[in-house]
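Here are some exercises to work through with the model open beside you. Try each task before reading its solution.

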Amino acid sequence: MRLSSLLVDGRPVLALRQGDRLLDLSATDPTLGTDVGALLTGPPDWQARAAAAAQQAQPVPAGAAVRYRPVVPRPGKVLCIGLNDVDHAAEAGLPVPTFPVVFSRVASSLIGHGEPMVRPTESSQLDYEVELAVIIGVGGRRIDPDRALDHVAGYAAFNDGSIRDWQVRTHQWFLGKNFHGTGALGPDLVTPDEVPPGAKGLRLTTTVGGETLQDGNTAAMVFDVADTIALLSQAMQLEPGDVIAMGTPSGIGFARDPQRFLKPGERVTVTVEGVGTLHNPVRDDPARVEASTPTTHTHTHTRGAP
């Protein structure tokens, strides 16, 4: 099952993807809600109810104006795992972690498939990161690793867009990871039955203008999905609709020589094999003041970028 959160002619819609069609579940059964987050926080039989609605649902009209929202538009938590790939840790100049590096993103930083990634006024160092996103369907605390995958509603693609010079100004990466309009999530939630257990062995790629900049695999994650869920749940209550971003492979723009950042007019594509592909154009923030020299920040901190 593949579920999307859309705007159809400005109307919020929960949709089920069926081949090339998007079926309007919200119109058929309003109790499902109008997005994936609302569905997951409702009754626990959400998958059966969505499947039943799909039997009668009508496709989104071909002439409708369709926009994608983040597949979970307002997640309660977005938890990100940094340096979760041996080669990526090496390119960042940092040791492979023996304990997960965890940081968070705010919901307002997220965008949907097809929406522009925004290069802010404050920096020219907008970077890309393909990641597997795990979406929690069943909440819990102190979850047993052997049962952790039972708590997964599904998976999505994620582009953890980062403003690198802001990120590395301190030991805390939070600000550089939370600029408005930089984190693409979607286009669909793909239920676990459509991918290998724990989404292992899936190829991860980033391309810009036909150039492949990242090419990795979820099999190379230092901490896998089940162990990550179990560990995070020791510290906090995980809830339906929470999102866990599992980290990126090597090839980020910050670590290249010369460095390679996203520019307005480009289109960045991230793909998680079997899960989905996000296309996002890059544009400048309307408030950005263009200058002959890109805005930079002087700093002495040299820690790597996850």
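Three exercises with worked solutions follow.

This is a predicted model, where local features need pLDDT of at least 70, side-chain atom pairs count only at pLDDT 80 or more, and totals for chains, interfaces and linings use all residues. Residues are numbered from 1 along each chain as its sequence is written, and side-chain values use heavy atoms, with hydrogens and water left out.

**Exercise 1. Follow the open sheet from edge to edge.**

Step 1. Begin with the strand order: the five strands run β8-β18-β17-β14-β15, with mixed pairing. Strands are DSSP runs of E with at least two residues, helices are runs of H or I with at least four, and both are numbered from the N terminus. Two strands pair if DSSP finds at least two bridges between them.

Step 2. Find the edges. β8 (117-119) and β15 (211-217) each have a single partner strand, so one side of each lacks a neighbour in the sheet.

Step 3. Walk inwards from β8. Three bridges link β8 to β18 in parallel, and methionine 117 faces valine 282 in β18.

Step 4. Continue to β17, which pairs with β18 in the antiparallel sense over six bridges. Threonine 271 sits opposite threonine 277 in β18. The two strands form a hairpin with three residues between them, and glycine 274 in the turn has a positive phi of about 80°.

Step 5. Cross to β14 (residues 203-208), joined to β17 (residues 267-272) by five bridges, again antiparallel. Here leucine 204 is opposite valine 272.

**Exercise 2. Describe the surroundings of aspartate 85.**

Step 1. Locate the residue: aspartate 85 is in the loop between β5 (78-82) and α4 (86-91).

Step 2. Look for a charged partner. Aspartate 85 is buried (under 20% relative accessible area, 1.4 Å probe, protein chains only). It has no salt bridge (a side-chain nitrogen of Lys or Arg within 4 Å of a carboxyl oxygen of Asp or Glu). The nearest side chain of opposite charge, arginine 164, is 12 Å away.

Step 3. Check the polar atoms: a polar atom of the aspartate 85 side chain lies 3.0 Å from the backbone nitrogen of histidine 88.

Step 4. List contacts (heavy atoms within 4.5 Å). Leaving aside neighbours within four places in sequence, aspartate 85 touches Ala220, Val222, Thr248, Pro249 and Ser250.

**Exercise 3. Work out how helix α6 is packed.**

Step 1. Pick out the buried residues of α6 (residues 225-235): Val225, Ala226, Thr228, Ile229, Ala230, Leu232 and Ser233.

Step 2. Trace their partners, which are β5, β6 (101-105), β10 (130-136), β11 (152-160) and β16 (243-245).

Step 3. Inspect the helix start, where a side-chain oxygen of aspartate 224 comes within 3.4 Å of the backbone nitrogen of alanine 226.

Definitions and conventions
Buried < 20%, exposed > 50% of the residue type's maximum accessible area, 1.4 Å probe, protein only. Lys, Arg positive; Asp, Glu negative; His and termini not counted. Polar contact = N/O pair within 3.5 Å; in protein donor to acceptor, adjacent residues only side chain to side chain.
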